[in-house]
Amino acid sequence: VNSVFGNLGTTIFTVMSALAVEHGAINLGQGFPDDEGPDDVRAAAAKALIDGPNQYPPMPGVPALRQAVAVANKRFYGLDIDWQKEVLVTSGATEALGDCLMGLLNPGDEAIILEPAYDSYKPMIEAMGAKVVSVALEPPFWSLPIEKLASAFSDKTKLILLNTPMNPTGKVFTLVELQAIADLVVRHDAYAVCDEVYEHLVFSGHRHIPLMTLPGMRERCVRIGSAGKTFSLTGWKIGYITGPEHLMTPIMKAHQFVTFTTPPALQTAIAFGLGKEDSYFEALASSLEAKRDLMAAGLREVGFDVLPTDGTYFITVDFRPLGFNGTDEEFCRDITVKAKVAAIPLSAFYAPDAPQVPRHLVRFCFCKQDAIITEAGARLKDYA
Ligand code: PMP
Ligand code: GLN
C-alpha cells in the first residue's frame, strides 16, 4: 500500500532482536532489562487482577494512577498538576507520543526533532501530514547547536519534540540548552512534546530537568513518562502524559480513539510503584550507573572508542579503532553473527536522506546482569 506506514520498513529493534535470536546472540540491541521488575509492583498487579475491577476503566486512566502521577510531578520536580484535568494514562509512551502528535499537529505544520531521534518520531509526524524539520546533534558530546536550532524554527513550527535523557546518545540536556529551547518555543508561539521516559535513569553529576519547569513552559509543554523504564516493566506498556488542560484536551481526544484506555490492574500497580520510597528510584539509577561503568570498561578493553553516557541504559561506541571496514549496520550484523552479541546501528535514528548520518557508531544496551555484560565484553574481545 502506498502510505506513510506502507512505505516503511520494520523497526530496527525488531530486526536486530530477531537476528539475535537466530544466531543465539546476547541481545544488547533492543532496550529491555533482563530482570522481571520489582516484586512488590508485580504483586500489586496480581492482587488488582484478582480483585478487579477488570472492565473498562475511565478513559483518562484510573484515578489512583492519575493522582500518583500528579504527586510524583510535585515530589520530583515541584510541579503542581491537577490530576483530573492534566494527566492522561496511555498504553506506553509509544501511544503517548502518537496521541500528542495526533492531538496537536495539523497537515502543513512543522515539527522539529533532534537527530539522532527515536525511530517512531518521524513517521508519526509525517502520518499527520506535518513536516519534519530535523536538527543534528554532533558526536561525541551531542551538544545542542543553538544557532542551527534557531534557524529551524519558522512561522509554521507547531512543536518541538524533545527527548531528554536522550535515546540513543545517553545525553542529558543542560539547563542552558533547555533555556535556549524554551526561548525559541516562546518566541515562535510553539509547543514542546517532551519524551522523558528515562527521567529516573540519570547518573552522578547530572540531573534531569523537565523543560516544563522552566519559566513560561508550564502552559506550552506536555511531558511523557513510562512505567516500562521507571519500573523495568517494558511489556506492561503503561505510559503517562502530563500537561496543561488546553493541550491535554485534544490529546485525550486522540487517545479515546486509539486505545480508549489501558488495563486497569496494571495501572493500579504502577500507582503503587510511583509511591515507592526515594531509595527505590535512587537504587535504580545507581545500579544502572555501575552497569554503565562495567560495560564501558569492557568495551574500552575491546578497543572501542567509548562515548560518554550520562543517562538512559544505552552506551554508544565508535568501532573504527577496531579496523572494521563497513557501515554501522554491517558491523552490527557482523558482531551478531560472529561474536554473538547484538547491538543497534546509530544510523537507524536518522532519516534516510539526512545530510550527515554517522556510519561508525553503534549502541549497546546495558540494563543486563553483570555476568552478561562481562560475557558480552569477553566475546567482543575475542572477535576483535
Ligand atoms: N521514547 C523513547 C525515547 C524510548 O526509548 C522508548 C522506549 N522504547 C519509548 C519512547 C517508548 O516507551 P514505551 O515502551 O513506554 O512505549
Ligand atoms: N526503546 C527501546 C530501544 O530504544 C525499544 C522499544 C521498541 O522495541 N520499540 O531500544
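**Entry 1: Lys237 and Lys340**

I began with Lys237, which I found in the loop between α8 (227-230) and β8; helices (H or I, at least four residues) and strands (E, at least two) are DSSP runs, numbered from the N terminus. I noted that this is a predicted model, in which local features need pLDDT of at least 70 and side-chain atom pairs count only at pLDDT 80 or more, while totals for chains, interfaces and linings use all residues. Residues are numbered from 1 along each chain as its sequence is written, and chains are lettered from A and ligands numbered from 1 in the order in which they are written.

Lys237 has a positive phi of about 55° although it is not a glycine. I looked up its surroundings and found 19 other C-beta atoms within 10 Å, so Lys237 is partly exposed; a residue is buried if 20 or more other C-beta atoms lie within 10 Å of its own, exposed if 12 or fewer, and partly exposed in between, with C-beta atoms placed from the backbone.

Lys340 also went into the notebook, with a positive phi of about 60° although it is not a glycine. Lys340 sits in the loop between α12 (328-339) and β11 (341-342), and with 19 other C-beta atoms within 10 Å it is partly exposed.

**Entry 2: Ile241 and Phe304**

I then turned to strand β8 (residues 239-242), where Ile241 is found. Ile241 counts as buried because it has 30 C-beta neighbours inside 10 Å. Leaving aside its neighbours within four places in sequence, I listed Leu88, Thr90, Ala96, Asp99, Cys100, Val222, Ile224 and Ile251 as the residues in contact with Ile241, where contact asks that two C-beta atoms, placed from the backbone, lie within 7 Å. I also checked Ile241 against Arg363, 122 residues apart along the chain, and the C-alpha atoms are separated by 27 Å.

Phe304 lies in the loop between α11 and β9 (305-306), and with 23 C-beta neighbours inside 10 Å it counts as buried. Not counting residues up to four places away in sequence, Phe304 touches Leu299, Val317, Asp318, Phe319, Pro321 and Leu322.

**Entry 3: two cis peptide bonds**

I looked up the cis peptide bond that joins Gly52 and Pro53, for which omega is about 0°, and placed Pro53 in the loop between α2 (39-51) and α3 (63-77). The peptide bond from Asn167 to Pro168 is cis as well, with omega near 10°, and Pro168 has its place in the loop between β5 (157-163) and α7 (175-187).

**Entry 4: the ligands**

Asn167 led me on to the ligands, since Gly92, Ala93, Thr94, Asn167 and Ser226 come nearest of the 13 residues around ligand 1; a residue is near a molecule if its C-beta atom, placed from the backbone, lies within 6 Å of it. Helix α4 (residues 92-104) gives the most to this shell, with 3 residues. By class I noted 3 nonpolar, 8 polar and 2 charged residues around ligand 1, where Ala, Val, Leu, Ile, Met, Phe, Trp, Tyr, Cys and Pro count as nonpolar, Asp, Glu, Lys and Arg as charged, and the others, Gly among them, as polar.

Around ligand 2 I found Thr11, Phe13, Gln30, Gly31 and Asn167, a shell that divides into 1 nonpolar, 4 polar and no charged residues.

**Entry 5: domains and core**

The domain assignment, which is automatic or from a database, gives domain 1 (12-30 + 279-383) and domain 2 (39-276). Their centres, taken over C-alpha atoms, are separated by 25 Å, and the contact takes 29 residues from domain 1 and 27 residues from domain 2. On the side of domain 1 that touches domain 2, I saw that α11 (278-302), β10 (314-318) and β13 (361-365) each supply at least two residues, with the largest share, 7 residues, coming from α11. That side has 20 nonpolar, 5 polar and 4 charged residues.

Last, I looked up the largest nonpolar core, a set of buried Ala, Val, Leu, Ile, Met, Phe, Trp, Tyr and Cys residues joined through C-beta atoms within 7 Å. Of its 117 residues, Ala192, Leu211 and Val341 touch the most other members, and helix α10 (residues 264-274) brings the largest share, 7 residues. Both domain 1 and domain 2 give residues to this core, so it lies between them.
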